[in-house]
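I opened my notebook for this one and kept the entries short. Here is what I looked up, in the order that made sense to me.

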Amino acid sequence: MSVKVRIPTPLQKMTKNQAEVTCQAATVTQMIDQLEKEYPGFKDRLCEKDGKLRRFVNIYINDEDIRFLQGEKTALKSGDEVSIIPAIAGGV
Amino acid sequence: MLRIPSQLYQQMIDHCLQWYPSEACGILSGKKGKVEKVYRMKNADDGSVKGSAVRYTMDSLELLKVTQSIRREEKEMIGIFHSHVASEPYPSQTDINLAFYPDAVYVIISLKDRRCPVARGYRVVEKEITPEELKVDL
Ligand SMILES: [Zn+2]
């Protein structure tokens, strides 16, 4: 399954300034592991130590937030566009 | 330095006043430190229609749409703003902990005195805060 992954600006330093990379993976988890292989340290930016997606990282497949799908287990299809977008949040 | 045309500056302040007494939030797009567009975002925090007075979180799907729009227009997300409804325009510990965009200027608008909103800019890089000048262009 070849998917296109959009890398947010804050993570582009890890992907040699590429805003977009392609990846072979059947699920979001596999995609993250694949990216980690290619860009060591990448997974740590997205996931907690137990492998769960960090609360303030959003991942979308095409136009859907994976939290509304099957989370990291969500299957990928060839041609899917995956976007990684850190949340924007704060407070007093 | 972040330069904002006065009309866009006003849009940002208006958005904050409209959301008062909840915190407001939004995105500034443009290029080379000059703001060209203000995206008024909703504060999705706490699930209520009117958001929260102490927290803000941008709605994840709205954030995706805006990110796509900025990319289509070949601009960059150069600023991220939110309001403090009762405190100084200075990043809180939560603001610092959740600052994931070191390339953007974080703009905080204090509505402590609603007749006289005060906006300040900062860079937050690895939890270090550096003031960044905001220049309103007439
Ligand atoms: Zn704040």
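**Entry 1: an aromatic pair across chains.** I began with F100(B), which counts as partly exposed because its relative accessibility is 27%. A reminder to myself: this is a predicted model. I then counted aromatic pairs and found 3 over all chains. One of them sets F56(A) against F100(B), with ring centres 6.1 Å apart and planes at 35°, so I logged the pair as tilted. Which parts of the chains do these two rings come from? F56(A) sits in the loop between α2 (42–46) and β3 of chain A, while F100(B) sits in the loop between α3 (93–97) and β6 (105–110) of chain B, so this pair joins two chains. F56(A) is buried, because its relative accessible area is 17% and the cut-off for buried is under 20%.

**Entry 2: another aromatic pair.** Back to the 3 aromatic pairs over all chains. Among them is Y39(A) with F42(A), a tilted pair at 6.5 Å centre to centre and 50° between the planes. I checked accessibility here too, and both Y39(A) and F42(A) are buried.

**Entry 3: helix α2 of chain B.** I wanted to see whether the length of this helix adds up. Helix α2(B) covers residues 60–72, and its 13 residues should span 18 Å at 1.5 Å a residue; the end C-alpha atoms are 18 Å apart, so the two agree. At the N-terminal end, D59(B) acts as a cap, with a side-chain oxygen 3.3 Å from the backbone nitrogen of L61(B). After the helix comes E74(B), where I read a positive phi near 55°.

Which residues of α2(B) are buried? My list has S60(B), L63(B), L64(B), V66(B), Q68(B), S69(B) and I70(B). I noted the general rule beside it: with 3.6 residues a turn in an α-helix, residues three or four places apart point the same way. Next I asked what the buried residues of α2(B) pack against. In chain A the partners are β3 (57–61), β4 (64–65) and β5 (81–86). In chain B they are β2 (25–31), β3 (34–41) and β5 (76–84).

**Entry 4: R6 of chain A.** I found R6(A) in strand β1 (residues 2–6) of chain A. Is R6(A) buried or exposed? R6(A) counts as buried, because its relative accessibility is 15%. Leaving out residues up to four places away in sequence, R6(A) touches A19(A), E20(A), E81(A), V82(A), S83(A), I84(A) and R71(B). With E20(A) there is a polar contact between side chains, at 3.0 Å. I also took one distance along the way: the C-alpha atoms of R6(A) and A25(A) are separated by 15 Å, and these residues are 19 apart along the chain.

**Entry 5: backbone angles in loops.** I looked up N62(A), a residue other than glycine with a positive phi near 55°. N62(A) lies in the loop between β3 and β4 of chain A and is partly exposed, at 32% relative accessibility. K32(B) is another residue other than glycine with a positive phi, near 50°. K32(B) belongs to the loop between β2 and β3 of chain B, and I marked K32(B) as exposed because its relative accessible area is 83%.

My last stop was a cis peptide bond between Y20(B) and P21(B), with omega about 5°. P21(B) falls in the loop between α1 (6–19) and β2 of chain B.

How values were computed:
Residues numbered from 1 in each chain as written. Chains lettered and ligands numbered in written order. Predicted model: local features only at pLDDT ≥ 70, side-chain atom pairs only at ≥ 80, totals over all residues. Heavy atoms only, no water. Helix = DSSP H or I, 4+ residues; strand = E, 2+ residues; numbered from the N terminus. Expected span 1.5 Å × (residues − 1). Buried < 20%, exposed > 50% of the residue type's maximum accessible area, 1.4 Å probe, protein only. Contact = heavy atoms within 4.5 Å. Polar contact = N/O pair within 3.5 Å; in protein donor to acceptor, adjacent residues only side chain to side chain. Phe/Tyr/Trp six-rings, centres within 6.5 Å; stacked < 30°, edge-to-face > 60°.
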